[in-house]
Amino acid sequence: MYEGVPSHTIDEAALQDVIKRAARELWKNDRNEGTAIGAKLYDLINGNGGKLAEIINDSISRRKNLFVYLDVAPDLTHLPFELMHDGSRFIFLDTQRQLIRLVSEAGWHSTISPENRPLKMVFMACSPEEPGLTVLSYEKEEELIIKSTEEFALDIRFDDSGCVDRLRYTLIENAGCDILHITGHSGYDAEHKPIFYMEDETGLLDKVTPKRLWDNIRDNPPRMLFLSGCYTGGVDEAGASGSFACQMAKEGIPVVMGWGLPVSDTGATKFAAELYRSLSIGDGVSKAVQKARQLFEDVNHTWPLLRVFTNGEPLKPFITAGQPVRYHTTRTSTYEYLEGTQVKVIKQGFIGRRRELQRGVRAIKGIGGKYGVVIHGTGGNGKSCLAGKLIERFREDKELFVIHGEITEAKIVSGLAKLFDKMGADEARELLLSTDKSYEAKIKALFRGIFRERPVLIYFDDFEQNLIRVSDDKHVLKSEPLPCVRPFLEALQWAEHKTNLLITSRYPFELIVDMENLPATKLDSIPMMAFKDADLNKKIAELDAIANSGHKDLYIKYGGGNPRLLEWFEQIAKEEVKYDLAKLEAEITGKKEEFIEEHLAKVIAETAGDDFKRFLQRSAVYKIPVPEAAFKEIGDTAFLRTGVSLTLHEQETIGTTAHYWVTPVIRQRQWDALNADEKKQLHEIAYKWFADIVNEVYKIKGLPEFNHLQEAVHHALKCGKIRGACKYAVALGNYMKKLLLYHNKLFLQKMVADRVKDEIIKEAIAEKDEYVATLLNDLGESFRTLGQPEEAIRYYEKAIAIDLAVYDDKHPNVARNYNNLGLALGELGKPVKAKEYFENALAIYLFEYGEKHTKVAKCYNNLASVCDDPQKKIEHIEKALEIDKAINSDNHPEVANYYSNIGTVWNDLGELQKAKEYCEKALDIDLTIYGDKHPDIAIRYNNIGAVLYALQQPQKALDYAEKAYAIFKTVYGEDHPHTKNVKQGLELLRGQII
């Protein structure tokens, strides 16, 4: 057809001869056969009227470009019409002539014009791990494209997933593109439909149809799609359907390219590189295709294998000519932090860890028998960024629980309690805070329950802080975090892949339990090695200053493929004139990566100026991210932006506020550069800032953040503000008590109390500071709670000495100390002295508060505990009960305590039914308040057991005693008096029942 009129008819026999000859595919590599079949195809299309020759000659005489649009039936599209030969030349190798396969006329009247900007391209390589499929060397294709276009205006975004579902998000993040290049294997499935062999998110085979590809790119379709896979431009033997490329053009993509037959990696790569080089300098599609084809004119027939399909849109240039060279902003890596965490992810730019990412996804999905991942390798190789990518993949499906650095029971319990509160998982939170199970038992129970029902991704970051080296290549857990971590690894599989463990660490580690190395059997070990080959070249391609530098080889050599080192060398390359590169090379030659890392940070900081270097060192006082206001007394906060730009500071947005801290890998070395006096001064600044934050939160919320309290105590101790440390250790101790972490509370408060020397006590007395005495009193209470009344008395006496010196002997704080001393003395079997202290406390409280006060009620109750007369005991307790019920509700914990104590007295008097009634009242109230895992519940169980034993119901008594024992053992340990007493009762009961 020409202008709607048939020009000639085609002889059927001649057509069948061409079809049979083309099917042998000898023309692909044999130039003579290509010439011969090309001549036959030319004769078929030119016909006896010579219309094609006439049109070609007319275009030559008028010096006009000629576009021949070919629209043939599907069963003829496999013929290599690109080979048409007029007897003297391949007519479509001429730059001014182009053969295009027309699939529709939807774009015929488009008026799109070239844009004055760099060419935008997204490159995706697909190489699924599938038996029978050759692993492609797609890295070489990426590398050659980068190299051939490195001086031209081409911005390449590499999608390293190979996954069609992830491609959608890449195009969204990139705001579309001019060119989408997808390379990989392709073919036809059992139903003779064209497919592209792409990867699922785990790296396994995903057969993608044209419809599915279109569905994933339709929101941001490219102007040109190059499907660099065998047969993407060809059809199956029956010719029943259009090629993959043809179908994509029908969907609406203006230009689609594909290969008609299998093509070599080398040929396809060289062709694509020249094509994009030409497009990036402003050539139109037709000219760029012809330039690429002409590369192969005298070599082989790669050029006729390419098929160009279109919807009729004019093949104009995508961009205007004359663009600035070396324009690479799209490839620059930018980072962000997942909201509410310190988990760093690459927001934009190259990660280059496809197989590692896919392995991690497989492990988290439960493919391969693993239940999580440990990512290990030297600093700067992208462990946290890979972890961040994994977290992003599963963020919609799993809750995230993060612990950074040192792992403690307090961190685990407080963090999980917050998570369960957020999840509305009340039963899990109650279990976590229960007292009838050990920490280990509770963690394991979580894996049997909530972690199997509600998926969580548990992330231990910077895990090397919990490790100790035992030989050159072997690391194990330190003794402190070992019992905290072990139950996670022991019980991980019980969650049936719903909840997973993700660890990042500089070093792999061993944890042997029952001759099994748990990290090796439960977690997939993913080493993060330095970039090399194509991955390294892609990383270099995003670092403009290095790529353009005459010292590029130096940077690459000493960067060692480590992303962080390369990014620091990029900072140096940006301002090379400021650096003595010969001296720098001499200083780092032969040094290990860790030394180079630290040295580069030092050199960059020094080059940024003494003021910045000093600011960097001083700002290392903060171990956690803090807002800009925290740095005001440290130096010019404008240096924070300098530090972030130099990648020496890191920035995270928490809520709506930017937070900063020194890059962790260099923080300690920067801090160590300061002298002792300056460190103390900075600790004082940090202490003041955290103290102000804590005090402000007290006013608004009541209970500050756990980590803010920790930091306040830490900095207070470091700068010698011991009285301040006492204040915030009291608050932190209350936090731990609320979580039933009695041992942690004791350890923390004793650490602070050990710093309370005579001069501190004198200061507290002079300044009338109540917190030193409160800390000592609280520490005494911790010892008494854990069954060490002698130690408790020692600290109570220190506290009362301070309070008597600060206040008069009628002050409530003095009464508090009297009361606590009385309790400890009572437990030591000294009722006379205890009674004296209780009476002193009661007199003060009555003077201060009058009769109707809870503290007065407690004193009456405590007096009952050291009274010999049972009837007098009941009178005291009933008086306490009356006071408390008038002030609080009938379901208050103190009311329960008084009911329980009355029941105990009635039991001693032989009034067993009364005793049982009161003890059960107490239990009902406490169960409502605490659940069934609190130490007060254990006391109630024990008391009821005693009554039941007196009622000659030993089996029921045994049941209650066993419940009480389980709680006491978990909360207080085997050596606590409560635990021992109940255990003795248990043995007695068991002996009698037998």
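A residue is called buried when its relative accessible area is under 20%, exposed when that area is over 50% and partly exposed in between, with a 1.4 Å probe and only protein chains taken into account. By this criterion, 54% of the 994 residues of the chain count as buried. The model is a predicted one, in which local features need pLDDT of at least 70 and side-chain atom pairs count only at pLDDT 80 or more, whereas totals for chains, interfaces and linings use all residues. Residues are numbered from 1 along each chain as its sequence is written, and side-chain values use heavy atoms, with hydrogens and water left out.

The chain contains 43 helices and 25 strands, these being DSSP runs numbered from the N terminus (H or I over at least four residues for helices, E over at least two for strands). Its radius of gyration is 39 Å, where a compact globule of 994 residues would have a value near 30 Å; the radius is taken over C-alpha atoms, and the globule rule is 2.2 Å times the number of residues to the power 0.38. Along the principal axes, the C-alpha atoms fill a box of roughly 130 × 70 × 50 Å. Among contacts (heavy atoms within 4.5 Å), 71% of those in the chain with a separation of 6 or more join residues that are 24 or more positions apart.

Helix α41 covers residues 935-950, and its end C-alpha atoms lie 23 Å apart, which agrees with the 22 Å that its 16 residues should span at 1.5 Å a residue; the expected span is 1.5 Å times one less than the number of residues. Buried positions in α41 are Pro935, Ile937, Ala938, Arg940, Tyr941, Asn943, Ile944, Gly945, Val947 and Leu948. An α-helix has 3.6 residues a turn, so residues three or four places apart point the same way. The cover over the buried residues of α41 includes α31 (742-753), α39 (893-908), α40 (912-930) and α42 (954-972). After α41 comes Gln952, with a positive phi near 60°.

Positive phi values also occur in two loop residues other than glycine, namely Glu496, where phi is near 55°, and Thr647, where phi is near 60°. Glu496 belongs to the loop between α17 (482-491) and β19 (500-505), and this residue counts as partly exposed because its relative accessibility is 44%. Thr647 is placed in the loop between α26 (638-645) and β24 (649-654); with a relative accessible area of 25%, Thr647 is likewise partly exposed.
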